[in-house]
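Reader: I should like to understand how the terms applied to this structure are justified. Please set each value against its criterion.

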Amino acid sequence: MRALYTAATGMAAQELNVQVISNNIANMRTTGFKKQRAAFQDLIYDHVRRVGAQASDQGTILPVGVDIGGGVKTVGTPRLMTQGTLSQTGNDLDIAIRGEGFFKILMPDGSFTYTRDGTFQMDNTGRVVNAQGNPVQPTITIPQNASGITINAQGQLSVTLPGSTTPTLVGQIGLTRFINKAGLQPIGDNLFTDTPASGAPQDGIANTDGFGDMQQANLEQANVEVVTEISDLIAAQRAYEMNAKVISATDQMLQSATALFR
């Protein structure tokens, strides 16, 4: 019976659904993480009797047809790029983006990646870098004898140098945005790369031209809602169990049918 294969596609779909949910829950404390959801579509149908076909020599038309579905398939795991809540950290180089935009990171091979994770530090030369030691763009170097680091809403980084009471501007952290943020490719380490689906990166300055602003000494939390994920997990589990019951019931029907012909 084709019901065996149809139910099997449902079990496979819900298994993937649970995997997506489990990854969301696992990253609920990951800075700047954006949750995913599984998207499904029905498979091709076997049109036993096509709706609208001629039903008799008198020209009557079938008002309904007989269409046997083939099950379900996964078409994507789109990422939801909604804003996460901000959490104060007290670290001068922690930066949260409130609104549109990504931090631009220069990789060792010369390529660029993008992130919402503003957990920054200084390396041994004073450059502002991410957790992997890759510099934030544009590259900013903080003098070793500087103090009083301040970062305003536009990303301008100022410090106080010895012998001066006036803050000195040493650089400005930029932001990058995309037409389709969901089209970015995740590569791990809280980083994304641009793709043809995301559109070309658009560099700009925070708090201008639709870019979000920067909040110093804050970090953006994951946009994962625990209650929603647990609810989705229960629903996925129930759907998996129901498909398993369909396979069990179909197997029993096959056994009964086989017994009749013995």
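Reader: What makes the contact between Arg 238 and Glu 241 a salt bridge?

Author: The model is predicted, and every value here is computed from it. A salt bridge requires a side-chain nitrogen of Lys or Arg within 4 Å of a carboxyl oxygen of Asp or Glu. For Arg 238 and Glu 241 the N to O distance is 3.7 Å, so the pair satisfies the cut-off of 4 Å. Both residues belong to helix α2 (residues 226-260), and because they are three residues apart, they are separated by about one helical turn.

Reader: Why are Arg 238 and Glu 241 called partly exposed?

Author: The term applies between the limits for buried, under 20% relative accessible area, and exposed, over 50%. Arg 238 has 43% and Glu 241 has 33%, so each value falls in between. Elsewhere, salt bridges that share partners join Lys 34, Arg 116 and Glu 220 into one network.

Reader: How many salt bridges does a search of the whole structure find, and what makes the contact of Lys 181 with Glu 100 one of them?

Author: The search finds nine salt bridges. In the pair of Lys 181 and Glu 100, the closest N and O atoms are 3.1 Å apart, so the criterion of 4 Å is met. Lys 181 lies in the loop between β14 (175-177) and β15 (185-188), whereas Glu 100 lies in the loop between β6 (95-98) and β7 (103-106), so the pair ties together parts that are 81 residues apart in sequence. Glu 100 is partly exposed, at 31% relative accessibility.

Reader: How do you know that Arg 127 and Asp 123 also meet in a salt bridge?

Author: Their side chains come to 2.8 Å, N to O, and the same reasoning applies because this distance is within 4 Å. Arg 127 has a relative accessibility of 28% and therefore counts as partly exposed.

Reader: What supports the division of the protein into domains?

Author: The domain assignment gives domain 1 (1-28 + 39-76 + 225-261) and domain 2 (85-221). The C-alpha centres of domain 1 and domain 2 lie 46 Å apart. Separately, an unreviewed UniProt entry carries the annotation "domain: Flagellar basal body rod protein N-terminal" for residues 4-34. That span is 74% helix and 0% strand, and its end C-alpha atoms lie 36 Å apart. The unreviewed entry also carries "domain: Flagellar hook protein FlgE/F/G-like D1" for residues 96-159, a span with 0% helix and 38% strand. The end C-alpha atoms of residues 96-159 lie 19 Å apart.

Reader: Why is Thr 85 called exposed, and where does it lie?

Author: Thr 85 has a relative accessible area of 56%, and because the limit for exposed is over 50%, the term applies. Thr 85 is in the loop between β4 (72-76) and β5 (86-88). Thr 85 and Gln 221 are 136 residues apart in sequence, yet their C-alpha atoms are 5.4 Å apart in space.

Reader: Which residues lie nearest the centre of the largest pocket, and what is the character of its lining?

Author: Phe 33, Arg 79, Asn 190, Leu 191 and Phe 192 lie nearest the centre, out of 17 lining residues. The lining divides into five nonpolar, eight polar and four charged residues. β15 and β16 (191-193) each supply at least two lining residues, and β15 gives the most, with three. The space in this pocket is about 170 Å³.

Reader: What is notable about the backbone at Pro 138, Asn 207 and Asp 209?

Author: Most residues other than glycine have a negative phi, and most peptide bonds are trans. The peptide bond from Gln 137 to Pro 138 is cis, with omega near -10 degrees; Pro 138 is found in the loop between β10 (128-129) and β11 (147-151). Phi is positive at Asn 207, near 70 degrees, and at Asp 209, near 50 degrees. Asn 207 is found in the loop between β17 (202-204) and β18 (213-216), and Asp 209 lies in the loop between β17 and β18.

Reader: Why is Asn 207 called partly exposed, but Asp 209 exposed?

Author: Asn 207 has a relative accessible area of 43%, whereas Asp 209 has 66%. The limit for exposed is over 50%, so Asp 209 passes it and Asn 207 does not.

Definitions and conventions. Residues are numbered from 1 along each chain as its sequence is written. This is a predicted model: local features need pLDDT of at least 70, side-chain atom pairs count only at pLDDT 80 or more; totals for chains, interfaces and linings use all residues. Side-chain values use heavy atoms; hydrogens and water are left out. UniProt positions are given in the numbering used here, feature names are shortened, and annotations may be inferred rather than shown by experiment. Helices (H or I, at least four residues) and strands (E, at least two) are DSSP runs, numbered from the N terminus. Domain bounds come from an automatic or database domain assignment. Buried means under 20% relative accessible area, exposed over 50%, partly exposed in between (1.4 Å probe, protein chains only). On a 1 Å grid over the protein atoms alone, a cavity is a set of points where a 1.4 Å probe fits but cannot get out, and a pocket is an open set with protein on both sides within 12 Å along at least five of seven lines; lining residues have an atom within 4 Å of a point. Grid points are joined across faces, edges and corners, and a volume is the space filled by probe spheres set on the points. Ala, Val, Leu, Ile, Met, Phe, Trp, Tyr, Cys and Pro count as nonpolar, Asp, Glu, Lys and Arg as charged, and the others, Gly among them, as polar.
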